[in-house]
Amino acid sequence: MILIGLLAILGLLFLSQILINPKNYLVSQVGNLVSRPMALLSSLIEISRDSAEFEKLLRENEVLKAKILLLSKSSYRETIGGHEYLSAKIYSTYPFNNRGLITLNAGRLDGLKELLPVTVGETIFLGQLTQVSDTSSVARTIFDAGWELPVKAGTGGVDALLLGGREPRLTLIVKEKELVSGADVYTAGKDFPYGLKIGTIKEIFDNPGSTFREATLDIPYAVGELTQVSVLIK
Amino acid sequence: MRQDAFELKRMLIAVIFVLIAGVFQNTSLLQVAGIKPNISLAILITLAFFLDTLLPYLVLVLLTGILLRFEPGFELANLIFTAVVLLFFFLERRLPGQPFLNNLILIAAGTLLFYSLLDWRFLYAEPLTVLGEMLYNIILGALAFFMIGRLMPRSLPKFI
């Protein structure tokens with residue numbers, strides 16, 4: 001009898017959506033708790049990195065610490081290069097591999113609305129808000145299979161189409177246009193600010209039966225390790 | 001009375017496994033090379049081998065469903081996930097052979113069936129991701145089978 005009652009309650013909760021935000025908060029807290037010892041372990045494993053790299057990271061670390069201090073003493077909003085950003089924490093990530101969605105801990109009450117661009121470190125394009133509630137929002141990222149957006153690559157601004165997925169790639173690159181590995185890839189669609197970096201060209205493939213080439217990308221961050229992103233408000 | 005306490009303890013252990021899996025499923029902590037395992041699927045299929053009746057299993061499945069809710073509104077992924085694990089609960093009882101191997105086979109089949117029903121284009125758009133996830137799920141399922149087998153014995157221990 002107790003079990004059936006419990007089932008009925010769980011069934012109602014399963015069908016409703018009232019637990020989504022508390023669940024996201026819980027997941028975020030537990031995730032942070034677990035990620036710290038995991039980060040410590042991984043840093044112990046990678047302790048053999050060369051000293052120059054280590055010195056560089058130390059300097060970056062000091063800059064980041066200063067930035068955290070500044071942010072903790074002021075609003076999460078900041079203006080960089082004439083653009084206003086809102087820093088938001090990643091609450092949770094889409095549970096399965098077929099979508100590249102993330103939930104953020106900021107929503108309509110923080111000034112967010114649908115279609116705003118989401119970035120990593122203010123200048124690297126990550127995705128776009130697709131759903132905004134009062135206190136949280138869902139963003140589609142370039143790791144979402146099936147997402148396509150127009151981009152440009154290299155100093156010559158070669159047109160291409162970015163195909164989202166676990167490993168985002170470029171397609172529809174005209175063969176006659178010169179493009180080399182290491183060239184920057186940046187946003188060029190009308191829905192986003194022009195010139196936000198997405199990554200760099202890793203490898204270019206010629207497709208014998210086609211007039212177009214394809215390319216793989218180097219993304220300058222590990223999406224699984226992201227805990228905070230910025231939303232470009234204006 | 002002792003039997004009731006024993007069953008309650010088993011159920012509590014199962015709930016803890018489901019909660020841990022649910023939390024991990026919502027984060028990227030277990031992501032390897034961009035591939036996230038379906039730890040909730042692996043744990044629930046494994047638990048099917050250790051629970052005899054449907055009602056406690058249904059509680060665990062619904063609890064997982066609540067933890068996996070990602071967006072407001074109707075979520076097809078959640079419904080398909082629930083259907084797949086419930087189907088495999090009944091299927092597990094009809095499989096011949098070793099439960100350990102059956103568990104791994106069902107986890108592999110569950111991964112494929114889940115994506116086939118949810119987003120079949122994903123299967124041929126990113127076959128390596130699906131294969132990678134399947135392998136990852138199998139490894140987690142094997143570990144879970146070993147751990148759950150130790151923590152949730154089927155019968156009451158006999159003390160003299």
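## The interface of chains A and B and a pocket beside both chains' helices

In this predicted model, the area buried between chain B and chain A is about 3,600 Å², and carbon and sulfur atoms give 67% of that area. Of the area that chain B buries against chain A, 21% is supplied by Ile66(B), Arg69(B) and Phe70(B), which is more than any other three residues give. Counted by residues, the contact takes 40 from chain B and 37 from chain A.

As for the interactions across this interface, the rule finds 0 salt bridges between chain B and chain A, whereas it finds 11 residue pairs in polar contact, with both residues at pLDDT 80 or more. On the side of chain B that touches chain A, at least two residues each come from α1, α3, α4 (76-92), α5 (99-125) and α6 (127-151) of chain B, and the largest share, 10 residues, belongs to α3(B).

The second largest pocket has a volume of about 340 Å³ and a lining of 14 residues, among which Leu3(A), Glu7(B), Leu8(B), Met11(B) and Pro56(B) lie nearest its centre. Both chains take part in this lining, since at least two residues each are supplied by α1 (2-15) of chain A and by α1 (2-25) and α3 (54-68) of chain B. The helix that gives the most to the lining of this pocket is α1(B), with 6 residues.

The table sets out the residue classes for the two groups described above.

| Group | Nonpolar | Polar | Charged |
|---|---|---|---|
| Side of chain B that touches chain A | 22 residues | 12 residues | 6 residues |
| Lining of the second largest pocket | 10 residues | 1 residue | 3 residues |

How values were computed
Residues are numbered from 1 along each chain as its sequence is written. Chains are lettered from A and ligands numbered from 1 in the order in which they are written. This is a predicted model: local features need pLDDT of at least 70, side-chain atom pairs count only at pLDDT 80 or more; totals for chains, interfaces and linings use all residues. Side-chain values use heavy atoms; hydrogens and water are left out. On a 1 Å grid over the protein atoms alone, a cavity is a set of points where a 1.4 Å probe fits but cannot get out, and a pocket is an open set with protein on both sides within 12 Å along at least five of seven lines; lining residues have an atom within 4 Å of a point. Grid points are joined across faces, edges and corners, and a volume is the space filled by probe spheres set on the points. Helices (H or I, at least four residues) and strands (E, at least two) are DSSP runs, numbered from the N terminus. Ala, Val, Leu, Ile, Met, Phe, Trp, Tyr, Cys and Pro count as nonpolar, Asp, Glu, Lys and Arg as charged, and the others, Gly among them, as polar. Contact means heavy atoms within 4.5 Å. Buried area is the accessible area (1.4 Å probe) that two parts lose on being put together, summed over both. A salt bridge is a side-chain nitrogen of Lys or Arg within 4 Å of a carboxyl oxygen of Asp or Glu. A polar contact is a pair of N or O atoms within 3.5 Å; within protein, one must be able to donate a hydrogen and the other to accept it, and residues adjacent in sequence count only if both atoms are side-chain atoms.
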